[in-house]
Amino acid sequence: MNLQRLTVATEYQAGKGSKGEVFSGDVLELLPELTDRFGEKAQMVYLDPPFGTGGRFSCRVRVGEKDWETSKPSLTDIAYNDNLPRNEYLAMMRQVLEGAKALLNDTGTIFLHIDYRMSAHLRLLMDQVFGEKNFLNEIIWTYQTGGRAKNYFSRKHDVILFYRKNHQYYFDIYGAAMERTAVRHNHLKRHVDADGRVYRSIRSGGKVYTYYDDEPVFAGDVWDDVSHMQQKDPQRTGYETQKPVRLLERIVRCGTRPGDLVMDLFSGSGTTLVAAHQLNRGFVGADSARQAHSVMRRRLRGAPVLWHIGGTEGEPLVAASGRVGVGNYEISLQAYEMEKGVSARSFQGMDALDDWSVGYLRDGVYHAIAAERRSKAHPRLECVLNLPALSGEIVLSTGDVLGRRMFYRLNREEMEF
Ligand SMILES: C[S@@+](CC[C@H](N)C(=O)[O-])C[C@H]1O[C@@H](n2cnc3c(N)ncnc32)[C@H](O)[C@@H]1O
């Protein structure tokens, strides 16, 4: 069958719960469109940009059935470079922060996640863009992972700058409420009241303060109760610099209500979007890395998402055939071959595919109807999919281990009966 590669600007993924949109590309190029569509709509923006490390970050990817069975990724692919000279980095961040401000509604807030390398520079930049009086917190997120330094004190925290857009803003401290029993209170005296409730007391400045164990305690600006992911953490996606969902859950809970819109312009593996979806908030993400989108798709399966992904024109990499059945089409995927130059790697043939689907193109939007995706429980890709016969152009889509998404037009006339 003759397959023609297509550029498809948008793909709709059906699902349940709160909706989201994910954009692919450079944040500065995306900002005009994002501002057009979501200007003054976001309740909260979370940004976790590159930290200015000078390094290069990768993503570990499972290839083919074997890797899924053994859970050992055999491909390490580039995710993104973090090597902009400082002046370019700060110029980029100024534009991003101004863009983020335009995305926030009147009561919105922003959380900017960075570390010691850029925190001083970005604090000043935040003051310039959002105004010093709108500074709320410098949150210290401290963790125990990583090595220990001998020549200086080990660096064990990130900085999250928290600003509001205006004087009136939405914030719910109950979103960061911890069980009081989880907090150390050796210096407090323990009592039990007439109803059997445990409380603690302390005398200070002539006053007695009491705290009930079953009442929550509100987080301060040093967060040491959210651990970073360990090597074997099941949340790990293989995407370096991934943050733990618990951290983002706290931020989303404090900064938004169910139904609000959360935006993350450096969404990476999609942690913010996952937290927002789980908490029933709308979400919009953006990232320039191929592999980020691959990981986000995996993590957001089951959620209704508009993927603004594209897909490039070029030589077809798949061979497929179609058969007309009764009320359906039976589409068979026969081969997948990477282009020359890319093909000299160990991943080749169908192993190089992570997922594929068939569906219809309607008003320029691809709707996948039947899909196959490798997973631990289902490492093998089925090569035949049944597509109900509906109106619209038939499209086949593939996602490969390099995080590339491609779309092909299938011609009904060329299908066998
Ligand atoms: C620190 S990571 C974000 C990690 C994310 N919070 C998570 O939990 O996975 C920074 C992300 O910014 C993306 N990025 C870097 N420069 C970008 C740019 N100019 N436009 C869009 N995305 C960019 C990288 O691809 C990377 O995924």
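The following questions and answers cover one sheet, some aromatic pairs and two charge-over-ring contacts in a predicted model.

In this model, local features need pLDDT of at least 70, side-chain atom pairs count only at pLDDT 80 or more, and totals for chains, interfaces and linings use all residues. Residues are numbered from 1 along each chain as its sequence is written, and side-chain values use heavy atoms, with hydrogens and water left out.

Biologist: Which strands stand at the edges of the open sheet of three strands?

Modeller: Strands (E, at least two residues) are DSSP runs numbered from the N terminus, as are helices (H or I, at least four). Two strands pair if DSSP finds at least two bridges between them, and here the order is S11-S12-S13 with antiparallel pairing. Each edge strand has a single partner, so one side of each is left without a neighbour in the sheet; these are S11 (189–192) and S13 (207–212).

Biologist: What is the bridge partner of His-191 in S12?

Modeller: S11 and S12 (residues 198–204) run antiparallel and are joined by four bridges. For His-191, the partner in S12 is Tyr-199.

Biologist: How many residues apart are Phe-130 and Tyr-163?

Modeller: Rings of Phe, Tyr and Trp (its six-membered ring) pair if their centres lie within 6.5 Å; planes under 30 degrees apart count as stacked, over 60 as edge-to-face and the rest as tilted. By this rule there are 11 aromatic pairs, among them the tilted pair of Phe-130 and Tyr-163, at 6.3 Å centre to centre with 50 degrees between the planes. Phe-130 is in helix H4 (residues 119–130) and Tyr-163 in strand S9 (residues 157–164), so the pair links distant parts of the chain, 33 residues apart.

Biologist: Is Tyr-163 buried or exposed?

Modeller: Buried means under 20% relative accessible area, exposed over 50%, and partly exposed in between (1.4 Å probe, protein chains only). Its partner Phe-130 has 3% and is buried. Tyr-163 has a relative accessible area of 0%, so Tyr-163 is buried.

Biologist: What is the relative accessible area of Tyr-174?

Modeller: Tyr-174 forms an edge-to-face pair with Phe-218, at 4.9 Å centre to centre and 75 degrees between the planes. Phe-218 is partly exposed, at 35%. Tyr-174 is exposed, with a relative accessible area of 56%.

Biologist: Which residue lies over the face of Trp-223?

Modeller: A charge sits over a ring if NZ of Lys or CZ of Arg is within 6 Å of the ring centre and within 35 degrees of the ring normal. The charged end of Arg-155 sits over the ring of Tyr-116, 4.5 Å from its centre. Over Trp-223, at 4.8 Å from the ring centre, lies Arg-250.
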